[in-house]
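Hi there,

Here is the structure I promised to pass on to you. Have a look at it first, and then read on for what I found.

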Amino acid sequence: MSIDDLLQEFDSLIPAFEEGLSAVMQADGPSSSSSAALADALEAVRVEFLGRKGRLAGLMAKLGTADPADRPALGQAANRVKEAISVRFDDALAALEKAKADALLKHFDPTVPGRAPTLGGLHPITLVMEEVCQVFQHLGFEIVSGPEVETDWYNFEALNMPGDHPARDMQDTLFIQENIVLRTHTSPLQIRTMLARKPPVAAVAPGKVYRRDSDITHTPMFHQIEGFLVDKHVSMAHLRGSLTAFLQALFGAGTKVRFRPSFFPFTEPSAEVDISCNMCGGKGHKGNEPCRVCKTTGWLEILGCGMIDPEVFRAVGYDSEAWSGFAFGMGVERIAMLKYGVGDLRMFFENDARFLRQFA
Ligand code: PHE
């Protein structure tokens, strides 16, 4: 083959490549095919010409048989063709990118109002815990917390509930292993805090507690808030005054509060606290209808409390002759139900956004 024929063959690759490109573009315009597929098709054409086994390489192979004197000219021609094809290929890719951007812009209307993100809110249980803690913070209590997996000693023993104590039966317990339990109440925080501190001390401890108990009014996990205060000369009057102030802050200034004798192993004397029913105003009925919330009694049981038992002080090494104190514990779900008028405990655990949104 003459040098002129060879040179011509080299040069003919450029229009052939252009044809290949436009064939791809026309067969599949930028709007009808994904731009990624189109870019792949363009790349295939490039490989067809410039690839290791492509048409340019094929021509280069013939160079071996050419007259050595002609080789520089042919080499230059090969480079020129390669350069020209590369430039056209890059142009085609750039055009494709631009077409893609233009298509996007055509559908983009910057005047359309944005989509507001849905904001979450705090769970009603969290809201009540925060509110209760806030009231006690104003009364000078600090907030403490502790583990949900407890030893038997913190959960029972140090609270004057030895292994054979019948009061343990009231707190159907979930055991992790022998002597390790999911705490059945927040009272271990009394022990932990007293051990870590010297009196005087006043603290509230919100948190999760667990009991082997599950029906429409009990869930195996629920929330409590514990509170206690130790100082010199603390009396039942301080307990009564503090809890009355707290309950009236939470349920309204007109709320009536009554204390009924009760029993807890870790307080002596102990009491159960009732508030006047906030649904019927303590009347036991609404018009002619009997009040279902307080079951016509006019009172709602709201928490347990008492003066800290000397046995508890003994367990933590406090001198019960020098110090006295009170303690109380309340169930958060119950308070939330009464405060917000929620009739079914399970609502708090179902994560129904229509329910939860009402508190946000
Ligand atoms: N821990 C008790 C319970 O879960 C409540 C309580 C706490 C009672 C503190 C008195 C004092 O039932």
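A good place to start is a cluster of charged residues: Arg258, Arg260, Asp274 and Glu301 are joined in a network of salt bridges. Please keep in mind throughout that this is a predicted model. In total, the structure holds 17 salt bridges.

Three other pairs are worth finding on your screen.

The first is glutamate 18 with arginine 88, whose side chains form a salt bridge with 2.3 Å from N to O. This pair connects distant parts of the chain: glutamate 18 sits in helix α1 (residues 3–27) and arginine 88 in helix α4 (residues 71–107), 70 residues apart. Both ends are partly exposed, with a relative accessible area of 36% for glutamate 18 and 29% for arginine 88.

The second is arginine 212 with aspartate 172, where the closest N and O atoms of the salt bridge are 3.9 Å apart. Arginine 212 is in the loop between β5 (201–210) and β6 (221–231), while aspartate 172 is in the loop between α6 (152–155) and β3 (175–177), so this salt bridge ties together parts that are 40 residues apart in sequence. Here arginine 212 counts as exposed, at 51% relative accessibility, and aspartate 172 as partly exposed, at 34%.

The third pair is arginine 314 and glutamate 311, with 2.7 Å between the closest N and O atoms of their salt bridge. These two residues both belong to helix α9 (residues 310–316) and are three residues apart, about one turn of the helix. Arginine 314 is exposed at 60% relative accessibility, whereas glutamate 311 is partly exposed at 32%.

Now for the overall layout. The domain assignment gives domain 1 (3–106) and domain 2 (124–359). The centres of domain 1 and domain 2, taken over C-alpha atoms, are separated by 81 Å.

You may also wonder about the cysteines: how many disulfides does the count come to? The count is zero. Cysteine 277 is in no disulfide, and the nearest cysteine sulfur, in cysteine 280, is 3.7 Å away. Cysteine 277 is also buried, with a relative accessible area of 1%. For cysteine 291, the closest cysteine sulfur is that of cysteine 294, at 3.6 Å, which is too far for a bond, because a disulfide needs the two sulfur atoms within 2.5 Å. Cysteine 291 counts as buried too, at 5% relative accessibility.

Finally, the ligand. Which of the 15 residues around the ligand come nearest? They are His185, Ser187, Arg211, Gln224 and Glu226. For histidine 185, an N or O atom in the side chain is 3.0 Å from a nitrogen atom of the ligand. Serine 187 has a polar side-chain atom 2.9 Å from a ligand nitrogen atom, and arginine 211 places a polar side-chain atom 3.0 Å from an oxygen atom of the ligand. Taken alone, the ligand exposes 320 Å², and the protein buries 90% of that. The elements giving two or more residues to the shell around the ligand are β6, β11 (299–308) and β12 (324–331). Of these, β12 provides the largest share of the shell, three residues.

Enjoy exploring, and write back whenever you like.

Best wishes

Notes: Residues numbered from 1 in each chain as written. Predicted model: local features only at pLDDT ≥ 70, side-chain atom pairs only at ≥ 80, totals over all residues. Heavy atoms only, no water. Salt bridge = Lys/Arg side-chain N within 4 Å of Asp/Glu carboxyl O. Helix = DSSP H or I, 4+ residues; strand = E, 2+ residues; numbered from the N terminus. Buried < 20%, exposed > 50% of the residue type's maximum accessible area, 1.4 Å probe, protein only. Domains from an automatic or database assignment. Near = heavy atom within 4 Å. Polar contact = N/O pair within 3.5 Å; in protein donor to acceptor, adjacent residues only side chain to side chain. Areas by Shrake-Rupley, 256 points an atom, 1.4 Å probe, with all protein chains shown as cover.
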